[in-house]
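Here is a short set of exercises to work through with the model open on your screen. Try each task yourself before you read its solution.

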Amino acid sequence: MKKHGRPRVPSDLFRHRCIRVRLPNGSLFRWEFRKRGQTALIDVTGPLTLDEASLSRIAVLEGVGLGFFMEPDVRGDIEAGRLVRVLEDWTPELARLCLYYPVRRNSSAAHTAFVALAHEVAAARK
């Protein structure tokens, strides 16, 4: 970020070295941003393409480039000051989690309790 400054809008990323991520199907992950109903999908460029988030994190910590991460994966680095957020006002909210399971007449007690707990937590967040 020293050379090109802190990105202010997603298109600023084209001036930065970014760590690319290859998905299991072989395609490259495009970074998604949202702000006030506007969406930007950015196919970043950079010196390195990896297929593992933990390796991408290490590359960012070593100064190779910018990275795109799920916050829980880097929260400790942010809190310790090793990483800083950029484009925070463009960060999309996480989609709500969904629970999918086969319908069975005789579910186990553990399964039934887990589904009930999931419903309870979801109701509490509304």
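**Exercise 1: Who sits around Arg20?**

Leaving aside residues up to four places away in sequence, Arg20 touches Leu28, Asp43, Val44, Thr45, Gly46, Leu48, Thr49 and Leu50. Keep in mind that this is a predicted model. Your task: find the element that holds Arg20, decide whether Arg20 is buried or exposed, and find the side chain that joins Arg20 in a polar contact.

Solution.
- Step 1: place the residue. Arg20 is part of strand S1.
- Step 2: check the cover. Arg20 has a relative accessible area of 17%, and buried means under 20%, so Arg20 counts as buried.
- Step 3: look for the polar partner. The side chains of Arg20 and Asp43 are joined by a polar contact of 2.8 Å, and Asp43 is also one of the residues on the list of neighbours above.

**Exercise 2: Sketch the whole chain**

Write down the order of the elements, then work out how the radius of gyration of the chain stands next to that of a compact globule of 126 residues.

Solution.
- Step 1: count the elements. You should find three helices and four strands.
- Step 2: put them in order. Starting at the N terminus, the run is β-β-β-β-α-α-α.
- Step 3: set the two radii side by side. A compact globule of 126 residues would come out near 14 Å, but this chain has 19 Å.
- Step 4: look at the spans. The C-alpha trace covers about 60 × 30 × 30 Å along its principal axes.
- Step 5: add the burial. Of the 126 residues, 21% count as buried.
- Step 6: ask how far apart in sequence the contacts reach. Among contacts with a separation of 6 or more, 56% come from residues 24 or more positions apart.

**Exercise 3: Two residues before S1**

Asp12 and His16 both deserve a look. For each, say where the residue lies and which backbone atom pairs with its side chain.

Solution.
- Step 1: Asp12 lies in the segment before strand S1 (19-21), and His16 is found in that segment too.
- Step 2: Asp12 is buried at a relative accessible area of 12%, and His16 is buried at 6%.
- Step 3: a polar atom of the Asp12 side chain lies 2.7 Å from the backbone nitrogen of Arg8. The His16 side chain, for its part, reaches the backbone oxygen of Gly5 at 3.1 Å.
- Step 4: now go from His16 to Gly26. They are 10 residues apart in sequence, and their C-alpha atoms are 23 Å apart in space.

**Exercise 4: Positive phi values**

Start with the background: most residues other than glycine have a negative phi. Now look at Arg36 and Leu87: which loop holds each, and is each buried or exposed?

Solution.
- Step 1: read the angles. Phi is near 50° for Arg36 and near 55° for Leu87, and both values are positive in residues other than glycine.
- Step 2: find the loops. Arg36 sits between strand S2 (31-35) and strand S3 (38-42), while Leu87 sits between helix H2 (71-79) and helix H3 (109-125).
- Step 3: check the cover. Arg36 is exposed, with a relative accessible area of 78%, whereas Leu87 is buried, at 4%.

**Exercise 5: Surface and charge**

Describe what the chain exposes and count its charged side chains.

Solution.
- Step 1: the chain exposes about 9700 Å², and carbon and sulfur atoms supply 54% of that area.
- Step 2: there are 21 positive and 14 negative side chains, and the centres of the two sets are 4 Å apart.

Technical notes: Residues numbered from 1 in each chain as written. Predicted model: local features only at pLDDT ≥ 70, side-chain atom pairs only at ≥ 80, totals over all residues. Heavy atoms only, no water. Rg over C-alpha atoms; globule rule 2.2 N^0.38 Å. Buried < 20%, exposed > 50% of the residue type's maximum accessible area, 1.4 Å probe, protein only. Contact = heavy atoms within 4.5 Å. Areas by Shrake-Rupley, 256 points an atom, 1.4 Å probe, with all protein chains shown as cover. Lys, Arg positive; Asp, Glu negative; His and termini not counted. Charge placed at Lys NZ, Arg CZ, Asp CG, Glu CD. Polar contact = N/O pair within 3.5 Å; in protein donor to acceptor, adjacent residues only side chain to side chain.
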